[in-house]
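User: I am new to reading protein models, and I would like a close look at one helix, with enough of the surroundings to make sense of it. Could you go slowly and explain each step?

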Amino acid sequence: MTSKPAAAVAYLRTSSATNTGQDKDSHKRQLTAITNYAKRHGLIVHEPPFYDAAVSGSDLIQDRPGFSAMLSYLGEHPEIRTILVETASRFARDLIVQETGYRLLQARGIELIAVDSPNNFLDDTPTAVMVRQILGAVAQFDKAMTVAKLRGARDRKRSTHGKCEGRKSMAETQPEVVALARKLYRRNPATGQRRSMREIAEELTKAGHKNSRGNIYQITAIRRMVGAEAPRRMA
């Protein structure tokens with residue numbers, strides 16, 4: 001059984017409005033080059049091509065109407081993972097735009113091929129490597145700054161409210177229960193003795209306070225309420 005030919009989409013771009021229109025050959029030339037490459041390599045190009053007319057090669061790809069439409073189309077057709085362009089400069093003339101755009105496509109599992117030089121985006125020229133390293137450093141710096149900002153926000157909130165993350169304590173969710181438990185834990189003025197954790201739990205139950213399951217509070221929960229340490233076991 002023969003497998004179906006791989007599918008692809010074509011992306012065209014012209015920088016100047018003077019190169020667009022029925023009487024201009026830029027659109028036709030780009031599409032012909034892409035179609036010929038697809039035929040030689042057994043690719044089926046979905047029609048029509050995606051086209052950004054009068055769009056600069058230094059514009060970010062996500063700011064281009066045609067390219068954005070193509071990304072949406074690819075998102076709806078996961079079986080298509082290849083974009084064909086006439087040349088690398090048709091994708092982007094600015095090297096940083098080219099590298100960031102290429103990284104974006106890679107992250108989505110999309111292959112970009114310049115039909116005049118299929119290995120163009122895979123070449124590790126010194127300049128391309130430098131740009132990738134700079135982009136990687138910028139991304140790492142941005143992540144570190146985000147972490148630092150979040151940590152600073154947490155520290156400010158903690159200094160103001162005492163706590164800003166994690167599971168809320170019973171003192172926050174059930175302050176009246178904790179207040180009563182601590183009151184019951186106070187020493188008897190006459191005897192100097194305290195109620196046991198079990199006795200406090202029973203008194204809370206009599207007052208209508210039970211745990212989330214409707215049962216008497218466990219000893220460990222009472223200890224947390226009153227701030228008592230668990231007794232040490234004898235060795």
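Analyst: What follows begins with the overall layout, turns to one helix, and then moves to the parts around it and beyond.

Please keep in mind that this is a predicted model. The protein has 9 helices and 4 strands, and, read from the N terminus on, these elements run in the order β-α-β-α-β-α-α-β-α-α-α-α-α. Of the 235 residues in the protein, 30% are buried. Among the contacts between residues at least 6 apart in sequence, 63% join residues that are at least 24 apart.

The helix to examine is H1, which covers residues 26-40. A simple check on it is its length: at 1.5 Å a residue, its 15 residues should span 21 Å, and because the C-alpha atoms at its ends are 22 Å apart, the expectation and the model agree.

Which residues of H1 are buried? They are Ser-26, Gln-30, Leu-31, Ile-34, Tyr-37 and Ala-38. If you look down the axis of H1, these buried residues fall within an arc of 125 degrees, so they line one face of the helix. The spacing has a general background: an α-helix has 3.6 residues a turn, so residues three or four places apart point the same way. The face of H1 that is turned away from the buried side carries Lys-28, Lys-39 and Arg-40, which are exposed.

The next step is to ask what covers the buried residues of H1. The cover includes strand S1 (6-13), strand S2 (43-52), strand S3 (82-85) and strand S4 (111-114), together with helix H3 (88-91).

One residue of H1 shows how a contact can bring together parts that are far apart in the sequence. Arg-29 belongs to helix H1 and, with a relative accessibility of 34%, counts as partly exposed, because that class lies between the 20% limit for buried and the 50% limit for exposed. If residues up to four places away in sequence are not counted, Arg-29 touches Glu-86 and Arg-90. Arg-29 and Glu-86 are 57 residues apart in sequence, yet their C-alpha atoms are 8.6 Å apart in space.

After H1 comes Gly-42, which has a positive phi, near 65 degrees. As background, most residues other than glycine have a negative phi, and most peptide bonds are trans. With that in mind, look at Ala-54, a residue other than glycine whose phi is nevertheless positive, near 60 degrees. Ala-54 lies in the loop between S2 and H2, and it is partly exposed, with a relative accessible area of 41%. Strand S2 itself contains Pro-48, and the peptide bond leading from Glu-47 to Pro-48 is cis, with omega near -5 degrees.

Helix H2 can be read with the steps used for H1. At 1.5 Å a residue, the 12 residues of H2 should span 16 Å, and its end C-alpha atoms are 17 Å apart, which agrees. The buried residues of H2 are Gly-66, Phe-67, Met-70, Leu-71 and Leu-74. Around the axis they cover an arc of only 140 degrees, which puts them on the same side of H2. On the other side of H2, the exposed residues are Pro-65, Gly-75 and Glu-76. The buried residues of H2 pack against S1, S2, S3, H3 and helix H4 (95-107). Several of these partners, S1, S2, S3 and H3, are also listed among the cover of H1. Ala-69 also has its place in helix H2 (residues 65-76), where it counts as partly exposed at 37% relative accessibility. The C-alpha atoms of Ala-69 and Tyr-51, which are 18 residues apart along the chain, are separated by 9.4 Å.

Further along the chain, helix H7 (residues 175-185) has Val-177, Val-178, Ala-181, Leu-184 and Tyr-185 as its buried residues. Seen down the axis of H7, they fall within an arc of 125 degrees, so they too line one face of their helix. Their cover includes helix H6 (170-173), H8 and H9.

Finally, how do H8 and H9 lie with respect to each other? Their axes come within 9 Å and cross at roughly 90 degrees, and the two helices are therefore roughly perpendicular to each other. From H8, Met-197, Arg-198, Ile-200, Ala-201 and Leu-204 meet Ile-219, Ile-222, Arg-223, Met-225 and Val-226 in H9. By class, this contact has 8 nonpolar, no polar and 2 charged residues.

Conventions. Residues are numbered from 1 along each chain as its sequence is written. This is a predicted model: local features need pLDDT of at least 70, side-chain atom pairs count only at pLDDT 80 or more; totals for chains, interfaces and linings use all residues. Side-chain values use heavy atoms; hydrogens and water are left out. Axes are lines fitted to C-alpha atoms, for helices over the stretch in contact, and angles run from 0 to 180 degrees between N-to-C directions. Angles under 35 degrees count as roughly parallel, over 145 as roughly antiparallel, 65 to 115 as roughly perpendicular and the rest as oblique. Contact means heavy atoms within 4.5 Å. Ala, Val, Leu, Ile, Met, Phe, Trp, Tyr, Cys and Pro count as nonpolar, Asp, Glu, Lys and Arg as charged, and the others, Gly among them, as polar. The expected span of a helix is 1.5 Å times one less than its number of residues. Buried means under 20% relative accessible area, exposed over 50%, partly exposed in between (1.4 Å probe, protein chains only). The arc is that of the directions from the helix axis to the C-beta atoms.
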